[in-house]
Amino acid sequence: MTKFVNLTPHTITIISKIGNIVVTPSGIIARCKVTEETVAEIDGVEVVKTAYGEVEDLPEKEDNTIYIVSGFVMNSLKGSGRYDVMKPHDFVRDEAGNIVGCRKLATIEN
């Protein structure tokens, strides 16, 4: 059986063909290092240019384990070969437009 580890701060509901899989936050949040450079100020509001870099707090590969992360983290892992890291995809929304789950998980391009 596959173990899903949620590396986001949000509960994720995967709506699968065999039933819903609810993956609660693991307590570890994978994030990208962010650098910023001030490029302007508009009406007293600082405008910065950001760059996303290395991923922090991503566990090592583990057999039969899928790590669920944010889209930002996924983009930073492009080309890394980490097929065990995925993001929610094909969102399901309620009548008010709030995300209530996803139908798929997406892996990275390599």
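Q: Hi! Is Lys 104 buried, exposed or partly exposed?
A: Hello! Lys 104 counts as partly exposed, because its relative accessibility is 45%. Keep in mind that this is a predicted model.

Q: Okay, and which residue does Lys 104 form a salt bridge with?
A: That would be Asp 90, with the closest N and O atoms 4.0 Å apart. This pair links distant parts of the chain: Lys 104 sits in strand β8 and Asp 90 in strand β7, 14 residues apart.

Q: Which residues are joined into one network by salt bridges that share partners?
A: The network consists of Asp 90, Arg 103 and Lys 104. Arg 103 has its own salt bridge with Asp 90, where the closest N and O atoms are 3.3 Å apart. Arg 103 is in strand β8 (residues 99–106) and Asp 90 in strand β7, so this pair ties together parts 13 residues apart in sequence.

Q: Why do such side chains pair up at all?
A: In general, side chains of opposite charge can pair when their charged atoms come close.

Q: How many salt bridges does the structure hold?
A: Five. Another of them joins Asp 84 and Arg 82, with the closest N and O atoms 2.8 Å apart.

Q: Is Asp 84 buried or exposed?
A: Asp 84 counts as buried, because its relative accessibility is 9% and the cut-off for buried is under 20%. Arg 82 counts as buried too, at 11%.

Q: New topic: how many aromatic pairs are there?
A: A search of the whole structure finds one. Tyr 52 and Phe 72 are stacked, 5.0 Å centre to centre with 25° between the planes. Tyr 52 lies in strand β5 and Phe 72 in helix α1 (residues 71–76), so the pair ties together parts that are 20 residues apart in sequence.

Q: Which nonpolar patch do Tyr 52 and Phe 72 form on the surface, and with what other residue?
A: They form it with Val 34, and together the patch has about 310 Å² of accessible area. Tyr 52 itself counts as partly exposed, at 44% relative accessibility.

Q: And which residues gather in the patch of negative charge?
A: Glu 36, Glu 41, Asp 43 and Glu 46 gather there, on the surface. Asp 43 is in the loop between β4 (31–42) and β5 (45–56), and Asp 43 is exposed, with a relative accessible area of 79%.

Q: What about phi of Asp 43?
A: Phi is near 50° there, a positive value in a residue other than glycine. Asp 90 also has a positive phi, of about 60°, although Asp 90 is not a glycine.

Key:
Residues are numbered from 1 along each chain as its sequence is written. This is a predicted model: local features need pLDDT of at least 70, side-chain atom pairs count only at pLDDT 80 or more; totals for chains, interfaces and linings use all residues. Side-chain values use heavy atoms; hydrogens and water are left out. Patches are made of residues with over 30% relative accessible area and no salt bridge: like charges are joined within 9 Å, nonpolar side chains (Val, Leu, Ile, Met, Phe, Trp, Tyr) within 5 Å. Accessible areas come from the Shrake-Rupley method with a 1.4 Å probe; for residues, only the protein chains shown count as cover. A salt bridge is a side-chain nitrogen of Lys or Arg within 4 Å of a carboxyl oxygen of Asp or Glu. Lys and Arg count as positive and Asp and Glu as negative; His and the chain ends are not counted. The place of a charge is taken as NZ of Lys, CZ of Arg, CG of Asp or CD of Glu. Helices (H or I, at least four residues) and strands (E, at least two) are DSSP runs, numbered from the N terminus. Buried means under 20% relative accessible area, exposed over 50%, partly exposed in between (1.4 Å probe, protein chains only). Rings of Phe, Tyr and Trp (its six-membered ring) pair if their centres lie within 6.5 Å; planes under 30 degrees apart count as stacked, over 60 as edge-to-face and the rest as tilted.
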